[in-house]
Amino acid sequence: MTALHEVAITGRVRRSRYERAEAINTQQATRDLQALAKADVLTAVGQTEGRHYIAGPRFPQNALDTAKRPHRIVAPYAG
């Protein structure tokens, strides 16, 4: 879920950032991202060092739409 959230908010995710966010090892992070890419949820861009993942053809469009829509935060305790 962290990887999908990162892509929706920033447009991409790197393996190292996903690995730290989930507190998992490099091998597991790589397997997770490759599985999402194989399922067309993410698309790998670049090679080795510069590789990152962006939304793929099967990424939930409603998540992208929601992330791009401006949100107004209302102070809950304002008088």
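Contact here means heavy atoms within 4.5 Å. With that in hand, a good place to enter this predicted model is Tyr53, which touches Val7, Gly11, Arg12, Val13, Leu33, Gln34, Ala37, Leu42, Thr43 and Ala44, leaving aside residues up to four places away in sequence. Tyr53 also belongs to the largest nonpolar core and to the lining of the largest pocket, and both settings are described below.

The largest nonpolar core has 12 residues in all: Ala3, Val7, Ala8, Val13, Tyr18, Ala29, Leu33, Val41, Leu42, Tyr53, Phe59 and Leu64. At least two residues of this core come from each of helix 1 (2-10) and helix 3, and helix 1 gives the most, with 3 residues. Among the contacts of Tyr53 are Val7, Val13, Leu33 and Leu42, and these four residues are likewise listed in the core. As general background, nonpolar side chains in soluble globular proteins tend to be buried together.

Attention turns next to open space. Rolling a probe the size of a water molecule over the atoms shows where empty space is left. The largest pocket holds about 200 Å³ of space. Its lining consists of Arg14, Arg15, Ser16, Thr26, Ala29, Thr30, Leu33, Gln34, Thr48, Glu49, Arg51 and Tyr53. Helix 2 (15-22) and helix 3 (26-38) are the elements that give two or more residues to this lining, and helix 3 gives the most, with 5 residues. Sorted by class, the lining has 3 nonpolar, 5 polar and 4 charged residues. Ala29, Leu33 and Tyr53 appear both in the pocket lining and in the nonpolar core.

Two further residues, His52 and Glu6, round out the picture. His52 lies in strand 2 (residues 52-55). His52 counts as buried because its relative accessibility is 13%, with the limit for burial set at under 20%. The side chain of His52 reaches the backbone oxygen of Gly50 at 3.4 Å. Beyond residues up to four places away in sequence, His52 touches Arg12, Val13, Arg14, Thr43, Ala44 and Val45. Of these, Arg12, Val13, Thr43 and Ala44 are also touched by Tyr53.

Glu6 lies in helix 1 and, at 14% relative accessibility, counts as buried too. With residues up to four places away in sequence again set aside, the contacts of Glu6 are Gly11, Arg12, Val13 and Arg17. Arg12 and Val13 thus link the descriptions, as they are touched by Glu6, by His52 and by Tyr53.

Conventions: Residues numbered from 1 in each chain as written. Predicted model: local features only at pLDDT ≥ 70, side-chain atom pairs only at ≥ 80, totals over all residues. Heavy atoms only, no water. Helix = DSSP H or I, 4+ residues; strand = E, 2+ residues; numbered from the N terminus. Buried < 20%, exposed > 50% of the residue type's maximum accessible area, 1.4 Å probe, protein only. Polar contact = N/O pair within 3.5 Å; in protein donor to acceptor, adjacent residues only side chain to side chain. 1 Å grid on protein atoms, 1.4 Å probe; cavity = no way out; pocket = protein on both sides within 12 Å on 5 of 7 lines; lining within 4 Å. Points joined across faces, edges and corners; volume = space filled by probe spheres on them. Nonpolar A, V, L, I, M, F, W, Y, C, P; charged D, E, K, R; others polar. Core = buried A, V, L, I, M, F, W, Y, C linked by side-chain atoms within 4.5 Å.
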